[in-house]
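Welcome, and thank you for taking a look at this one with me. Here are my notes, in numbered points, to read beside the sequence and the 3D view.

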Amino acid sequence: MVNDSLTGVNVVKRKLAAHDNLKVTIKQNGDKFIINESSAFRTIEIVFTLGVAFEYSLADGTEIGGTWTAEGDKLVGKFNRKDNGKELLTVREIISDELVQVKSILILQLI
């Protein structure tokens, strides 16, 4: 497999995912969220509570752990990859009637 040297994500999987038609349904009950993701690759349900750490597997099989928190009308996710410890910061914002991922940053530590 050919991996991107910075992210470690398989290049072929990343190119396929770019053309996937992901459908996401979000239900909220207080601080608890239930997210159903459906795509050509998989269908999963993710259940989490704001501020409570949980583990999750990305579509490419990468295992991560971390938390989602609410900051105004934004959901902020702070996660760490299990395989290499790199931190991923994701921000999703409500724009009109949609939840839009507005930022996703892989934080690299320089040695």
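1. A word on terms before we start: helices (H or I, at least four residues) and strands (E, at least two) are DSSP runs, and they are numbered from the N terminus. With that numbering, Ser 96 falls in the loop between strand 7 and strand 8. Please keep in mind throughout that this is a predicted model.

2. Now the overall layout. The protein chain has 1 helix and 8 strands. Read from the N terminus, the order of its elements is α-β-β-β-β-β-β-β-β. The chain holds 111 residues, and 23% of them are buried.

3. Let us return to Ser 96, which deserves a second look. Most residues other than glycine have a negative phi. Ser 96, although not a glycine, has a positive phi of about 60°. Is Ser 96 buried or exposed? With a relative accessibility of 69%, Ser 96 counts as exposed, and its place is the loop between strand 7 and strand 8.

4. Next, the surface. Which residues make the nonpolar patch of about 410 Å²? They are Leu 22, Val 24, Ile 26, Ile 94 and Leu 99. Ile 94 belongs to strand 7, which covers residues 87–95. Its relative accessible area is 48%. Because partly exposed covers the range between 20% and 50%, Ile 94 is placed in that class.

5. Two members of that patch turn up again at a pocket. The second largest pocket has a volume of about 190 Å³. It is lined by 13 residues, and those closest to its centre are Gln 28, Phe 33, Leu 75, Ile 94 and Leu 99. So when you find Ile 94 in the 3D view, you can look at it both as part of the nonpolar patch and as one of the residues closest to the centre of this pocket.

6. Where does the lining of that pocket come from, and what is it made of? Strand 1 (23–29), strand 6 (74–81) and strand 8 (98–107) each supply at least two residues of it. By character, the lining of the second largest pocket divides into 7 nonpolar, 2 polar and 4 charged residues.

7. On to charged pairs. Side chains of opposite charge can pair when their charged atoms come close. How many salt bridges are counted here? The count comes to 3, and the cut-off behind it is a side-chain nitrogen of Lys or Arg within 4 Å of a carboxyl oxygen of Asp or Glu.

8. One of the salt bridges joins Lys 82 and Glu 55, with 3.1 Å from N to O. Lys 82 lies in the loop between strand 6 and strand 7, while Glu 55 sits in strand 4 (residues 54–57), so this pair ties together parts that are 27 residues apart in sequence. Glu 55 is exposed, at a relative accessible area of 59%, and Lys 82 is partly exposed, at 47%.

9. Right beside Lys 82 in the numbering, there is another salt bridge, between Arg 81 and Asp 83, at 2.6 Å from N to O. Here the partners fall into opposite classes: Arg 81 is buried, with a relative accessible area of 10%, and Asp 83 is exposed, with 55% relative accessibility.

10. A further salt bridge links Glu 37 and Arg 42. The closest N and O atoms of this pair are 3.9 Å apart, which is within the 4 Å cut-off. Glu 37 is buried, its relative accessible area being 13%.

11. Finally, some residues that are separated along the chain and can be compared in space. Lys 82 and Ile 64 are 18 residues apart along the chain, and their C-alpha atoms are separated by 5.4 Å. Gly 85, found like Lys 82 in the loop between strand 6 and strand 7, is 20 residues along the chain from Gly 65, with 9.8 Å between the C-alpha atoms. Gly 85 is partly exposed, at 43% relative accessibility.

12. Leu 50 makes a good last stop. It is placed in the loop between strand 3 (43–49) and strand 4. At 16% relative accessibility, Leu 50 counts as buried. Leu 50 and Phe 33 are 17 residues apart along the chain, and 7.8 Å separates their C-alpha atoms. Phe 33 is also among the residues closest to the centre of the second largest pocket.

Note on methods. Residues are numbered from 1 along each chain as its sequence is written. This is a predicted model: local features need pLDDT of at least 70, side-chain atom pairs count only at pLDDT 80 or more; totals for chains, interfaces and linings use all residues. Side-chain values use heavy atoms; hydrogens and water are left out. Patches are made of residues with over 30% relative accessible area and no salt bridge: like charges are joined within 9 Å, nonpolar side chains (Val, Leu, Ile, Met, Phe, Trp, Tyr) within 5 Å. Accessible areas come from the Shrake-Rupley method with a 1.4 Å probe; for residues, only the protein chains shown count as cover. Buried means under 20% relative accessible area, exposed over 50%, partly exposed in between (1.4 Å probe, protein chains only). On a 1 Å grid over the protein atoms alone, a cavity is a set of points where a 1.4 Å probe fits but cannot get out, and a pocket is an open set with protein on both sides within 12 Å along at least five of seven lines; lining residues have an atom within 4 Å of a point. Grid points are joined across faces, edges and corners, and a volume is the space filled by probe spheres set on the points. Ala, Val, Leu, Ile, Met, Phe, Trp, Tyr, Cys and Pro count as nonpolar, Asp, Glu, Lys and Arg as charged, and the others, Gly among them, as polar.
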